[in-house]
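Trainee: I should like to work through this structure with you, one question at a time. May we begin with a pair of packed elements and then turn to the chain as a whole?

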Amino acid sequence: MTGGPSAFAEKVTVTDVLGHKVEVEAPVRRVILGEGRQMYVVAALDKEDPFKRVVGWRDDLPKADPDSYKQYLARYPQIAKLPSFGGMKEGAFDIEQAIALKPDVLLLNIEAKVASDEASLVEKLAAVGIPVVYVDFREKPFQNTEPSMRLMGKLFDREKVAEDFITFRAAEIARVTDRLAKVQELKRPLVMMERAGGYSDDCCMSFGNENFGKMVEIAGGKNFASDLIPGTFGTVNPEAVVAANPDVVIITGGNWGAYVPAGAWVGLGPGTDMVEARRKLAGLAERPAFSQSKAVKDGRVHAIWHQFYNSPYQFVAIQEIATWLHPELFKDLDAEATLKTLHERFLPLPYQPGYWVTVDRK
């Protein structure tokens with residue numbers, strides 16, 4: 001394939017992250033995104049015109065990340081008219097609508113596989129010549145991000161950009177891991193990583209040894225829930241958190257007003273109100289699971305943008321977490337500067353702060 005927009009389409013066989021060999025006519029010109037937040041990847045692959053191939057998408061971006069959606073909408077107002085779908089897992093994906101859009105490919109996240117199998121989605125679409133390709137930036141991001149980006153780069157005829165992004169991402173992670181590797185006896189703080197704290201009244205959703213749990217380990221910490229949660233996601237008992245007495249508490253936050261309008265969640269994201277975010281984080285720190293912990297007493301309670309868990313931008317979170325866990329070792333590491341560079345090099349949107357916050361020390 002050539003590297004320009006006029007490249008002739010040809011049948012190529014790709015292998016998706018589930019090991020399926022799929023024949024696709026590429027470069028693709030008409031794509032349905034099985035999750036709207038796949039735009040985090042699409043935008044990084046095609047900074048100049050990220051929506052030019054997208055003929056339909058799942059409706060989650062305006063709900064799960066309305067601040068990013070507003071940024072995209074301001075620059076690309078035509079996306080307000082893009083056909084949207086409900087989620088596969090909710091049984092709300094309209095197969096007939098998808099067929100009518102005549103896509104060259106449907107991109108699905110692997111967490112949709114069980115529901116898509118139950119609906120015989122792949123078979124129904126194959127019968128009309130529409131291939132389905134699975135990618136993953138969420139369940140096992142440190143195994144699947146690079147192959148998923150390479151796959152999408154190949155389909156979009158943006159292979160060089162995909163490799164440039166992968167190289168950049170690896171180098172930014174290495175800025176943390178290389179320095180940690182030189183520490184003779186690394187003392188790993190115990191970290192309680194709470195997923196979407198305040199989204200409900202319950203405590204505590206957390207991460208096993210993948211996703212944010214793995215980010216904590218890469219950043220030089222010990223993830224409290226790794227031994228308690230066998231998979232990527234799960235829950236831990238608040239009494240167990242109290243007994244463990246974590247050194248650091250990190251809570252993921254986002255603007256979830258569409259789901260829980262009056263929730264206690266920390267509304268992080270581009271352009272967020274940091275005073276309000278800090279206030280809400282302080283409120284979450286007062287819950288019984290955390291209030292008497294070493295983390296709260298030492299002022300080591302933080303919140304970070306939830307969507308780092310579902311995008312190839314995890315390296316930024318790793319850097320910021322590293323500065324929280326080992327402030328002296330990483331005092332010269334500036335995760336915000338890294339995030340600005342990510343925007344400047346790869347993304348079509350201007351950088352706006354608002355991706356993490358720390359409680360005020362008492």
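Trainee: Which residues of α8 does α7 meet in this predicted model?

Mentor: The α7 side of the contact comprises Pro141, Phe142, Thr145, Glu146, Met149, Arg150, Gly153 and Lys154. Their partners in α8 are Glu159, Ala162, Glu163, Phe165, Ile166 and Arg169.

Trainee: How do the residues of that contact divide into nonpolar, polar and charged?

Mentor: Gly counts as polar here. On that basis, the contact of α7 with α8 holds 2 polar residues, with 6 charged and 6 nonpolar.

Trainee: Are α7 and α8 roughly parallel or roughly antiparallel to each other?

Mentor: Helix α7 covers residues 141-155 and helix α8 covers residues 159-181; their axes come within 7 Å and cross at roughly 155°. Angles over 145 degrees count as roughly antiparallel. The two helices, α7 and α8, are therefore roughly antiparallel.

Trainee: Is the crossing of α7 past α8 left-handed or right-handed?

Mentor: Handedness describes the sense of the turn between the near helix and the far one. For α7 passing α8, the crossing is right-handed.

Trainee: Why is the protein chain described as being as compact as a globular protein of its length?

Mentor: The chain contains 14 helices and 14 strands. For 362 residues the globule rule gives 21 Å, and the chain is as compact as a globular protein of that length because its radius of gyration is close to that value, at 21 Å.

Trainee: What percentage of the residues of the protein chain count as buried?

Mentor: Buried means under 20% relative accessible area. Of the 362 residues, the share that meets this cut-off is 56%.

Terms used. Residues are numbered from 1 along each chain as its sequence is written. This is a predicted model: local features need pLDDT of at least 70, side-chain atom pairs count only at pLDDT 80 or more; totals for chains, interfaces and linings use all residues. Side-chain values use heavy atoms; hydrogens and water are left out. Axes are lines fitted to C-alpha atoms, for helices over the stretch in contact, and angles run from 0 to 180 degrees between N-to-C directions. Helices (H or I, at least four residues) and strands (E, at least two) are DSSP runs, numbered from the N terminus. Angles under 35 degrees count as roughly parallel, over 145 as roughly antiparallel, 65 to 115 as roughly perpendicular and the rest as oblique. Contact means heavy atoms within 4.5 Å. The radius of gyration is taken over C-alpha atoms; the globule rule is 2.2 Å times the number of residues to the power 0.38. Buried means under 20% relative accessible area, exposed over 50%, partly exposed in between (1.4 Å probe, protein chains only).
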